[in-house]
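Q: Please look closely at one part of this structure and explain it to a reader who is new to it. Begin with a single residue and work outward from there.

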Amino acid sequence: MTGFLFELSFLLAAPVWLLMIFAPRWRGTERLAASPLTVVPILAVYLTLALPVLPELWAAVSSPDIDTFRDLTALANGAGAIWAQVVAWDLLIGQWMYREARRRDISALVMGPLLILTILLSPIGLLLFLPLRALKKPTPEAPAAA
């Protein structure tokens, strides 16, 4: 069951990512990307995985050290919960990047690969996006970022 939930966490995010990458100008994509509710199903998976290891999770976050965190991720549910959390936060970052790119009229041909990189390595994707964002001022006719 844990393996299924691990995979499900990304499968729940994938449609949003696919729309932002392959249908960036579709009105439905804009509405979906503007909603933080996209992560709620992923966070439900997170809770399902995290609750059985709540004592270990609490130990890892309340007094963080590498050994306690390593112990948490050695548990299947612990690793799965961390993965679901990462998927959810990466999706929120990707949605923000998508909306900012639309607001600043950054080409979908640039953003598509950047969003793919963000799916895989979100800190690098975000670090590459931030200077690009700084270079492009918002356009008056662009959709407003929520």
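What relative accessible area does aspartate 67 have, and is this residue buried, partly exposed or exposed?

A: Aspartate 67 has a relative accessible area of 43% and is therefore partly exposed, a class that lies between buried (under 20% relative accessible area) and exposed (over 50%), with a 1.4 Å probe and protein chains only. The model is a predicted one, in which local features need pLDDT of at least 70 and side-chain atom pairs count only at pLDDT 80 or more, while totals for chains, interfaces and linings use all residues. Residues are numbered from 1 along each chain as its sequence is written, and side-chain values use heavy atoms, with hydrogens and water left out.

Aspartate 67 has a charged partner. With arginine 70 it forms a salt bridge, in which the closest N and O atoms are 2.9 Å apart; the term stands for a side-chain nitrogen of Lys or Arg within 4 Å of a carboxyl oxygen of Asp or Glu. Arginine 70 has a relative accessibility of 48%, so it too counts as partly exposed. Helix α5 (residues 66-74) holds both aspartate 67 and arginine 70, which stand 3 residues apart, about one turn of the helix. Helices here are DSSP runs (H or I, at least four residues), as strands are (E, at least two), numbered from the N terminus.

The pair in α5 belongs to a wider set, for the count of salt bridges comes to 6. Another of them joins arginine 27 to glutamate 30, with 3.3 Å between the closest N and O atoms. These two residues are 3 residues apart in helix α2 (residues 27-33), which means that about one helical turn separates them. Their surroundings can be taken in turn. Arginine 27 is exposed because its relative accessible area is 57%. Glutamate 30, at 15% relative accessibility, counts as buried.

A further salt bridge brings together the side chains of arginine 103 and glutamate 100, at 3.1 Å from N to O. Both residues lie in helix α6 (residues 76-103), again 3 residues apart, about one turn of the helix. Arginine 103 is partly exposed, since its relative accessible area is 22%, and glutamate 100 counts as buried at 3% relative accessibility. This pair does not stand alone: Glu100, Arg103, Arg104 and Arg133 are linked in a network of salt bridges.

The helices that carry these pairs can now be placed within the whole chain. The chain has 8 helices and 0 strands. Its C-alpha trace spans about 50 × 30 × 25 Å along the principal axes, and 36% of its 146 residues count as buried. Among the buried residues is alanine 81, with a relative accessible area of 1%; its place is in helix α6.

Helix α6 also takes part in helix packing. α3 and α6 pack at an angle of about 160°, and their axes are 8 Å apart. That angle makes α3 roughly antiparallel to α6. Axes are lines fitted to C-alpha atoms, for helices over the stretch in contact, and angles run from 0 to 180 degrees between N-to-C directions; under 35 degrees counts as roughly parallel, over 145 as roughly antiparallel, 65 to 115 as roughly perpendicular and the rest as oblique. α3 passes α6 in a left-handed crossing, a term used if the near helix is turned anticlockwise from the far one by less than a right angle, with right-handed used if clockwise. Helix α3 (residues 40-50) also packs with helix α1 (residues 2-22), at an angle of about 165° and with the axes 9 Å apart. That makes α1 roughly antiparallel to α3, and the crossing of α1 and α3 is left-handed.

Helix α2, already met through arginine 27, contains arginine 31 as well. Arginine 31 counts as exposed because its relative accessibility is 57%. From arginine 31 to arginine 99 the separation is 68 residues in sequence and 10.0 Å in space, C-alpha to C-alpha.

The surface also has a nonpolar side. Ile116, Leu120, Leu121, Ile124 and Leu128 form a nonpolar surface patch, with about 470 Å² of accessible area together. α7 (108-120) and α8 (122-135) each supply at least two residues of this patch. One of its members, leucine 120, lies in helix α7 and counts as exposed at 62% relative accessibility. Patches are made of residues with over 30% relative accessible area and no salt bridge, like charges being joined within 9 Å and nonpolar side chains (Val, Leu, Ile, Met, Phe, Trp, Tyr) within 5 Å. Accessible areas come from the Shrake-Rupley method with a 1.4 Å probe, and for residues only the protein chains shown count as cover.
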